[in-house]
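Morning, everyone. Please look at the screen while I talk. I'll go from the inside to the outside.

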Amino acid sequence: MKRVCLILFGALAVFPACDKPLDENQEEGFNGKSIVVYFSNPLPGVDAVAGASITIKDGQKYGSVQYMAEVIKEETESDIHRIMVEENHYPTVYRELADFANAEKADNARPKLTSNLTNLDDYDLIFLGTPIWWYNLPMPVFSFLDQYDLSGKKVIPFTAHEGSDLGGAPATIKAEEPHAAVESNGFSARGTQTSSQDDAIRSWLKELGY
């Protein structure tokens, strides 16, 4: 794996397990394993509310967040894990999905995850990718943050959107995982443009020390 040298306020670090918040003034080299964790719900066409669109690159179809996750995985030599819910949990029609996602948000729902990350302790650094739905994280991402304790790790957000940029993702993740070191300099791209973001992603990773 490529080496990372980041200030603690940046991404994901491994420290001895403890109940105290990380020392934000401490600098460390993050030399452990990294993983890209992402939620992506590809749809036919463009989902202007959710930023969940299909990206086509070299004849292959990807969800917008999925595409960015694959680029980050290759550039950082990370492992990868997809956050998944039950098949057909979400409608595949734009307006229906938007309404469904808004109702889940209003209910503060926590959809059941069908994916299981059994070796989280192996990783120091987590790239966490998500679309922005109704100006915030989709509820399956909240399910993931509820299910897994990211204390002592460094978390770097990246998002796909259609106008909301990061959608407050760093602050939301920090609120859900107060003992993680969450990078404020996340990466964000419009869902319809992710297939042209390879160079921008590489430049962002370089800023972070890769």
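One definition before we start. Buried means under 20% relative accessible area, exposed means over 50%, and partly exposed is in between. Try that out on Gly191. Gly191 has 0% relative accessibility, so Gly191 counts as buried. Keep that cut-off in mind, and keep in mind that this is a predicted model.

Now the overview. The protein chain has 5 helices and 10 strands. There are 210 residues in the chain, and buried residues make up 50% of them. Next, contacts. Take those in the chain with a separation of 6 or more. Of these, 79% are between residues 24 or more positions apart.

Let's go inside. The largest nonpolar core has 28 residues. Which of them touch the most other members? They are Val37, Leu128, Phe144, Leu145 and Leu150. Several elements give two or more residues to this core. They are strand 3 (33-38), helix 2 (94-107), strand 7 (123-131), helix 3 (139-147) and helix 4 (169-176). Helix 3 gives the most, with 5 residues.

Apart from this core there is another one, of 20 residues. Val36, Tyr67, Ala69 and Ile156 are among its members.

Back to Val37. What does Val37 touch, if we leave out residues up to four places away in sequence? The list is His81, Ile83, Leu117, Ile126, Phe127, Leu128, Gly129 and Phe144.

His81 is on that list, so let's turn to it. His81 sits in strand 6, residues 79-82. Is His81 buried or exposed? Its relative accessibility is 10%, which is why His81 counts as buried; the cut-off for buried is under 20%. Leaving out residues up to four places away in sequence, His81 touches Ile35, Val36, Val37 and Tyr38. His81 also touches Ser115, Asn116 and Leu117.

Next, the cavity. The structure holds 1 cavity of 30 Å³ or more. The space in the largest cavity is about 30 Å³. Which residues line the largest cavity? Ala101, Lys105, Trp133, Leu137, Pro138 and Met139 do. By type, the lining has 5 nonpolar residues, no polar ones and 1 charged.

On to helix 1. Helix 1 covers residues 64-76, so 13 residues. From its first C-alpha to its last, helix 1 reaches 19 Å. That is close to the 18 Å expected at 1.5 Å a residue. Which residues of helix 1 are buried? Ser64, Val65, Gln66, Tyr67, Met68 and Ala69 are, and then Val71, Ile72 and Thr76. A general point about helices helps here. An α-helix has 3.6 residues a turn, so residues three or four places apart point the same way. What follows helix 1? Glu77 does, and its phi is positive, near 55°.

Positive phi turns up elsewhere too. Asn88 is not a glycine, yet its phi is positive, about 70°. Asn88 lies in the loop between strand 6 and helix 2. Asn88 has a relative accessible area of 69%, so Asn88 is exposed. Tyr135 is not a glycine either, and its positive phi is about 70°. Where is Tyr135? It is in the loop between strand 7 and helix 3. Tyr135 is exposed, because its relative accessible area is 61%.

Last topic: pairs that are apart in sequence. Start with Gly191, in the loop between strand 10 and helix 5. Gly191 and Ala160 are 31 residues apart in sequence, and 4.8 Å apart in space, C-alpha to C-alpha.

Gln193 also lies in the loop between strand 10 (187-190) and helix 5. At 38% relative accessibility, Gln193 counts as partly exposed. How is Gln193 placed relative to Ser64? They are 129 residues apart along the chain, and their C-alpha atoms are separated by 8.1 Å. Ser64 is one of the buried residues of helix 1.

Finally, Arg202, in helix 5, residues 198-207. Arg202 has 36% relative accessibility, so it counts as partly exposed. Arg202 and Thr76 are 126 residues apart in sequence. In space they are 9.5 Å apart, C-alpha to C-alpha. Thr76 is another of the buried residues of helix 1.

That's my tour. Thank you.

Notes:
Residues numbered from 1 in each chain as written. Predicted model: local features only at pLDDT ≥ 70, side-chain atom pairs only at ≥ 80, totals over all residues. Heavy atoms only, no water. 1 Å grid on protein atoms, 1.4 Å probe; cavity = no way out; pocket = protein on both sides within 12 Å on 5 of 7 lines; lining within 4 Å. Points joined across faces, edges and corners; volume = space filled by probe spheres on them. Nonpolar A, V, L, I, M, F, W, Y, C, P; charged D, E, K, R; others polar. Core = buried A, V, L, I, M, F, W, Y, C linked by side-chain atoms within 4.5 Å. Buried < 20%, exposed > 50% of the residue type's maximum accessible area, 1.4 Å probe, protein only. Helix = DSSP H or I, 4+ residues; strand = E, 2+ residues; numbered from the N terminus. Contact = heavy atoms within 4.5 Å. Expected span 1.5 Å × (residues − 1).
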